[in-house]
Amino acid sequence: MLTIKHTICPSCSVGCGLNIISKENDVVGTFPYKRHPINEGKNCLNGRNSIELFNDRIKKPSLVKNKELVDSDNDTIIGMVKEELSSINSNELGIICSGKMTNEEIECVKSFAESFGTENIGFYGNNFYNVDVESIDYDDISSAKLILEIGDIIKENPLIGRRVIIAKENGSSVISVDAVEKSITALNSDEYIKVDSITDFVNNISIKDKLSEEAIILVNKLDEKEDLEKLEEVASETGAKLLPVLCEANSKGALEKINSLNKDEILDIIQKSKVLFVINANPLDYLSKNDISSGFIVNISNCNSEFSTLSDVVLPGKTWAEKSGSFTNSCGLTQEFVPSVEIDDENLSEIEIFEKLA
């Protein structure tokens, strides 16, 4: 018997509705949520493929020996972690979170960090920080007279890209900027500005005179945090609306609760931590294997990756399809969801893991 349950797509920060199809507690497919106001009955390929996060999950708590995962159990691993924690000072604990965590998980881990006394907590925010977007929603894209896109919006955030295409069909002028020779977004723009770097462009925005209160700036790619500061200044000067389109499903929620760190700041936490928690994040996405030099690494993630083999222990947590919680999308809308499937295994949720550690 097939079961269909509604959830929020985990593939990016747009916040689309998604239905999960399961059979006998196994995820077998997805189906667009027809009445969801953001995606309006459509899901992109990224959303449809999101069930691969479930199918390729780590299924048991594991020790890492000779770069191989060896099945263990929660009590053994949590006991090992507690012993490691008992031997360090508060400033020797580091915690790297991610925008894949729910708001509730972030609050739980933040409380754990505060109770332990460490300030070494944050996540890699792709050079974004929290920007006030209270006065912006996705309808502003469809009705804008001019849209400035920085990064490959249409490829990476297709359901926002769809609204850009609708705006263009309604007469909007679309200008895109990137440091690549061509992109899907560039091919669907009226004007493409190829730059050496995003920083070069924002330091001298050649089209500033075209921006007005009827324009919107969409950005999903930055070289430095200072790039976003410059874009905020330009938006303030011209009256244009600025919407950062963030990378992960709950990047906005994470930005509201913990520090957004750059690569050097993440590296600093890794290097000075005698115990390092990495939660639903993969530092190898932006650092090298040679950078991963910490004392005792606790990887709390159900995603099987090369970083798992560099850890000391792995606690899988729960996949997004098994969770209840909430994500906050790029426009600041917080949406709650419930488990789409229930798996009968010993894996603890991230919140249960930290409750036991506390």
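Which side chain does a polar contact of 3.0 Å join to that of Asn157? Keep that in mind as you open the viewer; what you have on screen is a predicted model.

**Stop 1: Asn157**

Select Asn157, which sits in the loop between helix 6 (153-156) and helix 7 (158-169). Now add Asn220 to the selection: here is the partner, with the two side chains joined by a polar contact of 3.0 Å. Is Asn157 buried or exposed? Its relative accessibility is 3%, and because buried means under 20%, Asn157 counts as buried. To see its surroundings, show Cys12, Val14, Val245 and Leu246 as well; Asn157 is in contact with these and with Asn220, leaving aside neighbours within four places in sequence.

**Stop 2: helix 10**

Next, pick out residues 225-238. That's helix 10, with 14 residues, and its first and last C-alpha atoms are 21 Å apart, close to the 20 Å expected at 1.5 Å a residue. Colour Asp227, Leu228, Leu231, Val234, Ala235 and Thr238, which are buried. Turn the view so that you look down the axis: the buried residues of helix 10 fall within an arc of 115 degrees, so they line one face of the helix. What do they pack against? Highlight strand 8 (146-150), helix 9 (198-203), strand 11 (215-219) and strand 12 (241-244), and you have the packing partners of that buried set.

Swing round to the face turned away from the buried side, where you'll find the exposed residues Ser236 and Glu237. Then step just past the helix to Gly239, which has a positive phi, near 85 degrees.

**Stop 3: Phe277 and the core**

Now go to Phe277. The largest nonpolar core has 94 residues, and Phe277 is among the four that touch the most other members, along with Ile95, Phe201 and Phe354. Beyond residues up to four places away in sequence, Phe277 touches a list that includes Val81, Leu85, Ile95, Phe112, Val298, Ile300 and Leu357. For a side trip, show Tyr124, Ile270, Leu276 and Val278, which belong to a second, separate core of 16 residues.

**Stop 4: the aromatic rings**

How many aromatic pairs does a search of the whole structure find? There are six. Zoom in on the pair formed by Phe112 and Phe277: the rings are edge-to-face, 6.0 Å centre to centre, with 80 degrees between the planes. Phe112 belongs to helix 4 (residues 103-116) and Phe277 to strand 14 (residues 275-279), so this pair ties together parts that are 165 residues apart in sequence. Both Phe112 and Phe277 are buried. Finish by adding Phe116 and Phe354, which complete one aromatic cluster with Phe112 and Phe277.

Definitions and conventions:
Residues are numbered from 1 along each chain as its sequence is written. This is a predicted model: local features need pLDDT of at least 70, side-chain atom pairs count only at pLDDT 80 or more; totals for chains, interfaces and linings use all residues. Side-chain values use heavy atoms; hydrogens and water are left out. Helices (H or I, at least four residues) and strands (E, at least two) are DSSP runs, numbered from the N terminus. The expected span of a helix is 1.5 Å times one less than its number of residues. Buried means under 20% relative accessible area, exposed over 50%, partly exposed in between (1.4 Å probe, protein chains only). The arc is that of the directions from the helix axis to the C-beta atoms. Contact means heavy atoms within 4.5 Å. A nonpolar core is a set of buried Ala, Val, Leu, Ile, Met, Phe, Trp, Tyr and Cys residues joined through side-chain atoms within 4.5 Å. A polar contact is a pair of N or O atoms within 3.5 Å; within protein, one must be able to donate a hydrogen and the other to accept it, and residues adjacent in sequence count only if both atoms are side-chain atoms. Rings of Phe, Tyr and Trp (its six-membered ring) pair if their centres lie within 6.5 Å; planes under 30 degrees apart count as stacked, over 60 as edge-to-face and the rest as tilted.
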